[in-house]
Amino acid sequence: MTLRTRIVSGYLAIILITGIVCTVAIHHYIKANRTYEEISKNYILINNIVNELTYRIAQRQTALQGFLLTGKTKYLMAYDENVIPVKMLLKTAGDLNEGQKIYLALFERYATLAQNWEDNIAEAEKESRRRLDSGLIGQEQYIDEITRIDGKGRPILREMKAVEERLQRMARKEVTSRSAAAAAAGGRTRNTLVAIAATTFFMSLTFGLILSNRITSALKRVVDAANVISARNLSYRIPITAKTDELDSLARSFNLMAERLQEGIRVLRESEKKYSVSVENANDGIFIVQDGKYVFCNQAFCRITGYDLDELVGMDSLHLVVPESKEMINERYFKRLDGQEVPRVTQAEFLSKEGKIKHLEISAGLIEYENRNAVLVVARDITERRDYEKRLRNLSEQIIRTQEEERKRISHELHDEIGQTLTAINLNVGLLRRQHPVGSASHPICEDIQGLVTKIVDDIHRISYNLRPYVLDNLGLVPALKWWTTEFQKRTGIKARFQAEGEVQNGFSPVEETFMFRFAQEALTNVLKHAEAANVFVSISCRSNKVKMVIQDDGKGFDAENLSSYSAGRWGMGLFGIKERALGFDGTFHIISALQKGTALIVELPCVPLEAEEKGSL
Ligand SMILES: Nc1ncnc2c1ncn2[C@@H]1O[C@H](COP(=O)(O)OP(=O)(O)O)[C@@H](O)[C@H]1O
Ligand SMILES: [Mg+2]
């Protein structure tokens, strides 16, 4: 049975019992009331009758006496007037109901006495008077007779009086006795009502106490269990009784909750364990920064930085960052906390405890740590990788440089040595041809040879230009670019515009110039190969501290974002090589491309003053 049903039925039972007892009390009350009414009605009636009878009898006697004494008949008329009411009163008394039989006997007795007095006394007196009036007796005798008759009537009147008195006494007695009964009924009513109030009070109290005891004891069990569980004893369960009310289902739900909690915590602990094992064993440094301080670091981070865990936890997070990177790291930290977009991966230099520079590749993300925002950072030590990369770059730069030198040498040799030799051959073949007149057998052979030599000269010129345009060596980067752009337009039909701003400074080495030229070559080749463009714009701006080159086309464009997350193979050596070499010169390389809108490739190289860096040989 549910608690609600129990409460409702408990209170309904109390109301029912109260209702029954109230009905009994009301019944008593009505009975008492009715008794009071009855008594007072009887008493009033009997009192009235008795009073009336007394009055009437007295009237009649007075009227009779008056007639007898004065002889005036008007007294007799008054006498008659009283006879009828007496009779009527007696009749009324006779109509008294069953319960009043005791009075009836008295009334009957009274009636008999009255009749007797009427018949014997009143009639005898009247007879004496008649005789006096008719002169049969004298005045004296008349007085004697009347006195005698009156004397005879007196006992009757006395008895009538006694009956009256008895009637009144009885009525009084009845009133007294019945009103005691009525008072007792009233008392019973009062007692019953008091009893109801008391019973209801005690029943409600008991029921309320039982109920509250049931609720509080059940709640106490839940509270106790919650306390036990909060003291980390997760296996504790509330004992379940056989009852099926809401409090027991509360206990059952509580147990279920505790079970789920226990299970959840077990799963959480397991994953926490796995997680902490993998975090601790990770090769990458992992740390959490909160309020600008390290609040967690793994072993790898300690290894990278050379600090102990105790030293790191609580340390200002910028303490290890080199001064140049501090501002950038700080700005990103606050932006990230603020929910702003920040690149996930960045590179920064940290100072180890021994004072060594550590190159770290940092990827960071916002997390909640101990209920507050924090930044989780994975730091990969790329110091060695950077060294390798640098060495690799130097090596490839070396190769490229040698290659360029070789190209230059071959180109010069082709142009200057073989070219000139061929020119000499061509002149000689010209002479030979003139010596063999038209129509001779050897003339066409000479013509053929001259044609072949001219073609070879052209080919060698072209090959040597492709290997390394002289203009670059002879006139410098800007004119070489201008010339190449014009050539490109001629060769391909794609409208190519060139614009230069400023002159290339001394600080720009031949190696860098060559790179810039090769960049332009590669970019223009790409425009031809991939862009399907109608226009291309080559611009170079030379400032004191940097050279910037932009090659922009209006072709179909490509998804440069995806290219940047490519493998070297996918990107192809062209753009990849440019990027690598630009980085090798401490420069930058950017691709801005939009589908159907075109592509812009931008290379920026710093211009280091001559004294600072040995000028290359190319
Ligand atoms: N100007 C351009 N317009 C459209 N697509 C280009 C352009 N430049 C490069 N690409 C795209 O980028 C890819 C990589 O270029 P690149 O590294 O020079 O390699 P390759 O030219 O050998 O394909 C190209 O295959 C091409 O899809
Ligand atoms: Mg290419």
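This report describes selected local features of the structure shown above.

The structure is a predicted model, in which local features need a pLDDT of at least 70 and side-chain atom pairs count only at pLDDT 80 or more, while totals for chains, interfaces and linings use all residues. Residues are numbered from 1 along each chain as its sequence is written, chains are lettered from A and ligands numbered from 1 in the order in which they are written, and side-chain values use heavy atoms, with hydrogens and water left out.

## Confidence

The pLDDT is the predictor's confidence in each residue, on a scale from 0 to 100. The chain averages a pLDDT of 84, and 95% of the residues score at least 70. Over residues 565-572 the pLDDT falls below 50, and this stretch has 9 contacts in the model beyond near neighbours in sequence; a contact means heavy atoms within 4.5 Å. Residues 612-617 also have a pLDDT below 50, with 11 contacts beyond near neighbours in sequence. Where pLDDT is low, the predicted coordinates should not be read in detail.

## Metal site

The magnesium ion (ligand 2) is coordinated by Glu522 through OE and by Asn526 through OD1, at 2.0 to 2.1 Å. Donors are N, O and S atoms within 2.8 Å of the metal (3.2 Å for Na, K and Ca), and the site may look incomplete because water is not among the atoms. Both Glu522 and Asn526 belong to helix H13 (residues 510-531), where they lie 4 residues apart, about one turn of the helix. Helices (H or I, at least four residues) and strands (E, at least two) are DSSP runs, numbered from the N terminus.

Accessibility is described in three classes: buried means under 20% relative accessible area, exposed over 50%, and partly exposed in between (1.4 Å probe, protein chains only). Glu522 is partly exposed, with a relative accessible area of 25%, whereas Asn526 counts as buried at 14%.

## Aromatic rings and cysteines

A pair of aromatic rings is described by the distance of the centres and the angle of the planes. Rings of Phe, Tyr and Trp (its six-membered ring) pair if their centres lie within 6.5 Å; planes under 30 degrees apart count as stacked, over 60 as edge-to-face and the rest as tilted. The structure holds 12 aromatic pairs. One of them joins Phe287 and Tyr294 edge-to-face, at 5.1 Å centre to centre and with 75 degrees between the planes. Phe287 is buried at 4% relative accessible area, and Tyr294 is buried at 1%. Ring pairs also link Phe287 and Tyr294 with Phe301 and Phe350 into a cluster.

Elsewhere, the charged end of Lys74 sits over the ring of Tyr75, 5.3 Å from its centre. Such a placement requires NZ of Lys or CZ of Arg within 6 Å of the ring centre and within 35 degrees of the ring normal.

A disulfide is a covalent bond between the sulfur atoms of two cysteines; here the criterion is a pair of cysteine sulfur atoms within 2.5 Å. The structure holds 0 disulfides. The cysteine sulfur closest to that of Cys302 belongs to Cys297, and the separation of 5.8 Å is too far for a bond. Cys302 is buried at 8% relative accessibility, while Cys22 is partly exposed at 25%.

## Residues in helices and strands

Ser464 lies in helix H10 (residues 443-467) and is buried, with a relative accessible area of 0%. Leaving aside neighbours within four places in sequence, Ser464 is in contact with Ser411, Leu414, His415, Pro469 and Tyr470.

Leu351 is part of strand E3 (residues 345-351) and is partly exposed at 33% relative accessible area. Its C-alpha atom is separated by 6.2 Å from that of Val321, although the two residues are 30 residues apart along the chain. Not counting residues up to four places away in sequence, Leu351 touches Leu320, Val322, Lys356 and Ile357.

Ser539, in strand E7, counts as buried at 16% relative accessibility. With the same sequence neighbours excluded, up to four places away, Ser539 touches Gln499, Lys548, Met549 and Val550.

## Positive phi values

Most residues other than glycine have a negative phi, and most peptide bonds are trans. The table lists two residues other than glycine with a positive phi.

| Residue | Phi | Loop | Relative accessible area |
|---|---|---|---|
| Asn371 | near 65 degrees | between strand E4 (357-369) and strand E5 (372-381) | 69%, exposed |
| Glu532 | near 55 degrees | between H13 and strand E7 (535-542) | 65%, exposed |
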